[in-house]
Protein chains: 2
Amino acid sequence: MATVSRTLNGSSLVRPATAERVRKVVQELGYVPNSSARSLSSGKSNLFGVVISDITNPFFPELISNFESLALKNGYEVVFANTNYDPERLDHALRRMVERRVEGVAILTSEVHDSAITMLRRQNIPVVTLQQQTVQQGSIIKVDHSVGIAEAIAHLMELGHRDIAFIAGPSDLWSARKRRDIFAAEIKRNKLTLPAEWIAESDPRPEGGFDAMQALLKLKNRPTAIMATNDLIALGALRAINEAGLDVPRDFSIVGIDDIDLVHYVHPPLTTIRIPRPQIAECAFTTLLENSRNPEMKKIQSNLPTQLIVRASTAAPRSN
Amino acid sequence: MATVSRTLNGSSLVRPATAERVRKVVQELGYVPNSSARSLSSGKSNLFGVVISDITNPFFPELISNFESLALKNGYEVVFANTNYDPERLDHALRRMVERRVEGVAILTSEVHDSAITMLRRQNIPVVTLQQQTVQQGSIIKVDHSVGIAEAIAHLMELGHRDIAFIAGPSDLWSARKRRDIFAAEIKRNKLTLPAEWIAESDPRPEGGFDAMQALLKLKNRPTAIMATNDLIALGALRAINEAGLDVPRDFSIVGIDDIDLVHYVHPPLTTIRIPRPQIAECAFTTLLENSRNPEMKKIQSNLPTQLIVRASTAAPRSN
DNA sequence: TTGTACGCGTTATCAT
DNA sequence: ATGATAACGCGTACAA
């Protein structure tokens with residue numbers, strides 16, 4: 001029994017001939033080790049948890065895909081959970097992850113309460129979150145949106161725009177408020193005017209952007225450029241513009257955030273602010289890995305840049 | 001100890017007062033049960049596995065999302081794996097699922113070898129796959145593509161098209177070959193001509209569609225309509241057409257397959273053949289649930305319809 | 001209604 | 001280099 005275990009775990013304390021014999025029998029019997037028993041006995045789960053808020057937003061699958069590849073390469077497995085923007089589902093998901101004794105959790109949602117994380121910390125489980133002002137525990141991946149947003153506004157101004165609206169995400173999501181505030185601050189810094197009605201609030205999905213844009217189209221004082229808090233919203237806005245018989249970038253310039261692959265494939269390809277997904281995934285993984293090896297739980301902070309990617313959805317405003 | 005276990009599992013054989021006391025202590029200690037120990041002892045993992053081939057294709061996240069919701073509602077958890085079209089990763093994923101003693105696996109990839117499934121069947125694990133001719137074991141979800149493809153061709157012919165090309169997926173994927181063959185048969189049935197060069201082969205991602213369409217554009221005898229084996233490929237083709245300065249549907253009509261949400265949000269919105277994702281997810285889940293309750297493992301076969309959804313990417317050909 | 005004791009499949013510790 | 005045996009944390013049959 002012990003020898004079998006040793007063989008399967010590649011211990012060197014087993015005679016090659018014996019190992020061979022073991023492997024043969026294993027093969028014949030179709031024996032597959034039981035990972036529950038394994039982790040119960042060893043005290044190691046070899047599991048990381050990843051929580052995201054919307055698997056339907058292409059931003060996240062790429063994150064997951066990258067994280068999973070890294071994990072597999074390092075002999076870890078990954079459990080996923082999709083909260084669908086529902087805090088209750090977040091709690092459920094984290095709970096289940098604790099039950100599985102994951103060795104670390106990456107919470108890559110836009111909103112996390114401290115209470116959720118406290119549970120994890122009580123169990124001494126390393127946590128990494130995306131930058132969230134409300135959360136002060138665990139390691140944090142900061143994504144510096146201000147640079148990208150500043151670049152975007154500068155780009156639009158250079159093209160001649162002075163009337164820029166912003167379609168924000170739901171204001172109960174901290175990340176959405178944060179991006180909106182950065183936008184507003186940057187607008188102010190550039191001494192542009194920003195009527196209240198140019199800040200729209202939207203569900204973070206394309207439908208939301210569609211609705212928000214329809215509202216903007218009804219305004220008497222229309223902006224000439226639209227920035228959206230994510231690409232999906234920007235796509236929804238684009239559709240609303242098209243359905244109104246108007247054209248991008250002739251009638252409106254549009255800038256998104258995220259740089260999901262699909263913005264290449266719409267017409268016109270979207271100008272957007274790239275959020276470095278591969279780096280986020282890598283950063284989350286390595287942070288978890290380090291934190292789980294070093295139980296001292298020193299907080300790791302990282303700061304990832306954003307960057308404007310200019311494509312065809314921005315141009316000089318029509319009146320120019 | 002036993003009383004604690006009973007309390008946590010909601011046994012009625014516990015005096016309410018005791019139960020309350022237990023819960024309080026549990027709360028204070030921050031105790032969370034260990035699911036490994038639980039499933040080791042009970043012999044039940046309460047786990048289903050889901051394997052998909054490309055999490056980056058929006059077709060799959062919706063599948064996952066639906067499946068996960070159903071599972072949670074029924075007290076099950078789900079482990080996912082993304083094979084990235086790599087048969088080796090499929091084997092790895094299935095292996096890990098067996099190690100976790102999942103109570104069923106849904107293999108929702110386009111290609112599965114019998115050998116992979118044999119391992120699962122040896123362990124008496126229920127399996128459900130999408131229709132795959134090579135695989136004869138386990139339950140099967142059939143998706144009837146022929147109806148949708150026939151509808152699409154009829155729709156194009158009604159508009160006046162007679163020259164229809166097909167961008168197929170990689171011919172080493174059985175599902176890709178199958179769709180292509182159905183298309184070819186349907187073309188023949190309608191007595192249309194189908195030069196060999198109108199059957200393009202493509203990577204199943206937008207880049208593939210882009211490249212394939214560029215090749216089609218170089219042809220002397222161009223088709224007037226393009227059908228693609230999935231929506232992502234269709235989006236790639238659409239982009240290639242746009243970049244060539246041409247217009248859809250003026251210069252080419254395009255029909256995709258899948259009906260992913262995003263095809264609403266490109267311009268023009270894509271005509272496509274809807275594959276019923278929610279039903280696939282539900283069918284996969286209920287099949288697994290039934291099969292895992294009834295260890296007799298009777299094969300369940302279901303047949304799901306496809307349906308043409310007409311939007312704005314199809315119109316009469318220009319020459320008409 | 002509660003507590004005791006064994007077993008689940010594996011790893012780890014000790015002998016051998 | 002190998003085998004016996006005690007954990008790991010939970011469920012459960014059985015005793016109390």
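## A buried aspartate in chain B

Leaving out neighbours within four places in sequence, B:Asp258 is in contact (heavy atoms within 4.5 Å) with B:Asn57, B:Phe59, B:Arg179, B:Asn230, B:Asp231, B:Thr272, B:Ile273, B:Arg274, B:Ile275 and B:Arg277. B:Asp258 sits in strand 9 (residues 253-258) of chain B; strands here are DSSP runs of E, at least two residues, and helices are runs of H or I, at least four residues, both numbered from the N terminus. Is B:Asp258 buried or exposed? With a relative accessible area of 4%, B:Asp258 is buried, the cut-off being under 20% (exposed is over 50%, partly exposed in between, using a 1.4 Å probe and protein chains only). From its C-alpha atom to that of B:Ile187, 71 residues apart along the chain, the separation is 20 Å.

## Ground rules

This is a predicted model, where local features need pLDDT of at least 70 and side-chain atom pairs count only at pLDDT 80 or more, while totals for chains, interfaces and linings use all residues. Residues are numbered from 1 along each chain as its sequence is written, chains are lettered from A and ligands numbered from 1 in the order in which they are written, and side-chain values use heavy atoms, with hydrogens and water left out.

## Nonpolar cores

A nonpolar core here is a set of buried Ala, Val, Leu, Ile, Met, Phe, Trp, Tyr and Cys residues joined through side-chain atoms within 4.5 Å. The largest one has 146 residues, and A:Phe67, A:Met227, B:Phe67 and B:Met227 have the most contacts inside it. Apart from it lies another core, of 39 residues, including A:Val112, B:Ala93, B:Met97 and B:Val112.

Back to B:Met227: setting aside neighbours within four places in sequence, its contacts include B:Ile149, B:Leu156, B:Phe166, B:Phe183, B:Val255 and B:Ile273.

## Where the two chains meet

Chain A and chain B each put 51 residues into their contact. Together they bury about 4600 Å², 50% of it on carbon and sulfur atoms; that is the accessible area (1.4 Å probe) that two parts lose on being put together, summed over both. In chain A, A:Val32, A:Arg100 and A:Tyr265 lose the most area to chain B, together 16% of what that side buries.

## DNA strand C

Around DNA strand C there are 20 residues, with A:Ser5, A:Tyr31, A:Asn34, A:Ser41 and B:Thr18 coming nearest; a residue counts as near if one of its heavy atoms lies within 4 Å. Of the strand C atoms within 4 Å of the protein, 58% are sugar and phosphate. The surface near strand C splits into 9 nonpolar, 7 polar and 4 charged residues, where Ala, Val, Leu, Ile, Met, Phe, Trp, Tyr, Cys and Pro are nonpolar, Asp, Glu, Lys and Arg charged, and the others, Gly among them, polar.

Phosphate oxygens of DNA strand C lie 2.4 Å from a polar side-chain atom of A:Ser5 and 2.2 Å from one of B:Thr18. For the side chain of A:Asn9, an N or O atom is 3.1 Å from a phosphate oxygen of the strand.

## DNA strand D

DNA strand D is surrounded by 19 residues, the closest being A:Arg15, A:Thr18, B:Ser5, B:Tyr31 and B:Ser41. Which part of A:Arg15 lies 2.8 Å from a phosphate oxygen of DNA strand D? A backbone N or O atom does. A polar backbone atom of A:Ser41 is 3.3 Å from a base oxygen of strand D.

Key
A polar contact is a pair of N or O atoms within 3.5 Å; within protein, one must be able to donate a hydrogen and the other to accept it, and residues adjacent in sequence count only if both atoms are side-chain atoms.
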